[in-house]
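Student: I would like to learn how to read the inside of a protein model and its backbone angles. Where should I start?

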Amino acid sequence: AQSVQEAQRTAILRMLSLAEPGEQLGGSQTWKVLVYDKFCQEVVAPLLKVGGLRNHGVTLHLNINSERLPVADVPAVYFVEPTTQNIKKIGEDLSKGLYESCYVNFASSVTRSLLEELAKDTMEANAAQKVMAVVDRYVSFVSLSPSLFSLNLPAAYETLHSPLADEIIGQYIERIVAGLLSVLVTMRSLPIIRCPPGYAAEMIGRRLEERIRELRTRGGAAGAELFSGVAPGARGPGADSGSGPGAASQRPLLCILDRDVDLVTMLNHTWTYQAMTHDVLGLRLNRLTVPVEGSGDSVTPPKAKSYDVDESDGFWAAHAGHPFPVVAEAVHESIEEFNRKRADMSDSKGDDDPSASLGPGLAAAINALPEMTEKKRSIDMHTNIATALLNEVKARELDRYYEMEDQFASQSTLTSISQLEQMLKDKHRGTTVDKTRALMVLYLTKSLTAPQLQGLVESLRANGGDESGIAFLQHLAGIRNMMVPSMSPAVQTAPSGAASLMGSALSRMASAAASKGEGLLQAGMANVRNVLASKKTLVICQILDGLMEQKGASLVENYLYLDPKAQPSNGDAPRMRAPFRKAIAFVVGGGNYAEMQSVQEWAQERGRQVVYGATDLVSPTQFVDELVTWDKPMGAAAQTCVDAHSDADQTSTLTAQASY
């Protein structure tokens, strides 16, 4: 079965191929213009680079809100969200005659009122013959890896906890439901939905169940096929066998969780490679920007350089979840291996006659050149990324913050308070946000008395910190039990000799880099603290264990059981009792890479397949911002998300085009 990323890529390629339902991909090449809005541009970005778009006939890719010139004799593929603004722009393009014809593709299902508006604008432009297709694609999410997706909805936690009108909250819930529905249609999965009662998770779970049931019962054959596990347009023997992901024996679990089940994971300082690039360097949509020093020039300021990091990079795929010191060791080994291969290529083996081996040696060198060039690019990229991370670790003493927070759960409250007080009072140890995060982690991990908390808050305030976030956590604790559920005992997972990794590995890495004249890492590694990372089973993994194994554990005994395939009933619906092999874990209010990595490690250890998703991937700094602005007017990012679908009446549109 395809991963969620491959399935979405296939759906996008089908859209670009202009294939009709039932047609196979890879037909005749048609040159075209791709017109998308910002959201859909970010859907495409992790799936297809510029070269990939060109390979599938896209000569131009343009934002729908930009000024665009007419392109004669070329069709346009519109890929947009179903909003009034986008419908209006398409109508304007038709009236101007910008393109020979157009194929309108909506990221999620379009409402009947918007379809009528599009038809009206098309008739007024006298261009009905130019609209070749109108299709609901159900791809309203961003897949970042084979087992990770995001709905790309920023500030979800802030929005759902803010004092907004019920109508606005309802619109945001509908947006989340539309994204989850897109994930399920893309994966062709008909899941069992489990979620805790109350709050946003239940609202989303019940509305999603309702939307799935509507599509299956009112959409006819096309609606039923969306979750059947049969490829779009599949025909012939076995097409309706139900052997795909939607088959009863293979139905997955969809676990919908509120972010409040574990806030600590969103605030903790991180120590693994991918999580640190997100936390420290702002990784977004598999792309990050780092400062790169010029060669041999200490006067010239560093230049910003952007990199794409995804599963296609072998080093990233192998080491994204590894602790930072281990990654540094791997970079050093890659440099040494590259130098050895380069030396072997340049070494002449002809003792008496050096020209004797020139022919075969030259041929081998030429054949190896593309591989060596790619290897060099990867080494340079990860050396620059590791250098940028190291600079931040040293400047902010991130290793000390990580180690301190890691020990909060296993040591006494007084010891934890003493350690944090030292960090709060020293202005040279971390930023104000680092100190705020550490205080929030301690508050959520330990039971502090009012005087203890007040003393820590005053220390934070003295360093310019904003205590609004702590006030929000206190407010939340007043209406919910916010203490972190007990985690499994910490287990030391660092290999023998790991205590010296930070000093020795990065020192060798610096030496290797310096020997190449790159000057990317310099002396001073010994000042970076050695960290022995401990491994705890996160709350989300404990919940998944209880739900997938059908154990009836106390942590999940009150979780709702929703089956969109079963007929609605007032009583308890029949339940599946067998353990689940596959699951989708979705967090409402934001997720991060540290949590995703923990889920994947848990799943691999137990032979399970789990796809992790969230309303958005939120860095700790962004999450702190959401906590401190909970009682203030909604931020621009969240308001944009709400406004984008504020004109939707949410009436399901069940058109034949839904079958792709």
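The dialogue below takes up the nonpolar cores and then two backbone angles.

Tutor: Keep in mind that this model is predicted.

Student: How many residues does the largest nonpolar core have, and which have the most contacts inside it?

Tutor: That core has 87 residues, and L34, F79, I385, I540 and V610 have the most contacts inside it. Helix α14, residues 358-396, supplies the largest share of this core, with nine residues. Apart from this core lies another one, of 37 residues, including L153, A156, L184 and C195.

Student: Which residues does I385 touch, leaving out those up to four places away in sequence?

Tutor: With those left out, I385 touches Y273, T277, L281, L288, V290, Y307 and V309.

Student: Now the backbone. What should I know about the sign of phi?

Tutor: Most residues other than glycine have a negative phi. In this structure, A155 has a positive phi, near 60°. N286 also has a positive value, near 65°.

Student: Where does A155 lie, and is A155 buried or exposed?

Tutor: A155 sits in the loop between β7 (148-150) and α6 (156-161). The cut-off for buried is under 20% relative accessible area. A155 has 12%, so A155 is buried.

Student: And where is the place of N286, and does N286 count as buried or exposed?

Tutor: N286 is found in the loop between α11 (273-281) and β10 (287-292). Its relative accessibility is 5%, so N286 counts as buried.

Definitions and conventions
Residues are numbered from 1 along each chain as its sequence is written. This is a predicted model: local features need pLDDT of at least 70, side-chain atom pairs count only at pLDDT 80 or more; totals for chains, interfaces and linings use all residues. Side-chain values use heavy atoms; hydrogens and water are left out. A nonpolar core is a set of buried Ala, Val, Leu, Ile, Met, Phe, Trp, Tyr and Cys residues joined through side-chain atoms within 4.5 Å. Buried means under 20% relative accessible area, exposed over 50%, partly exposed in between (1.4 Å probe, protein chains only). Helices (H or I, at least four residues) and strands (E, at least two) are DSSP runs, numbered from the N terminus. Contact means heavy atoms within 4.5 Å.
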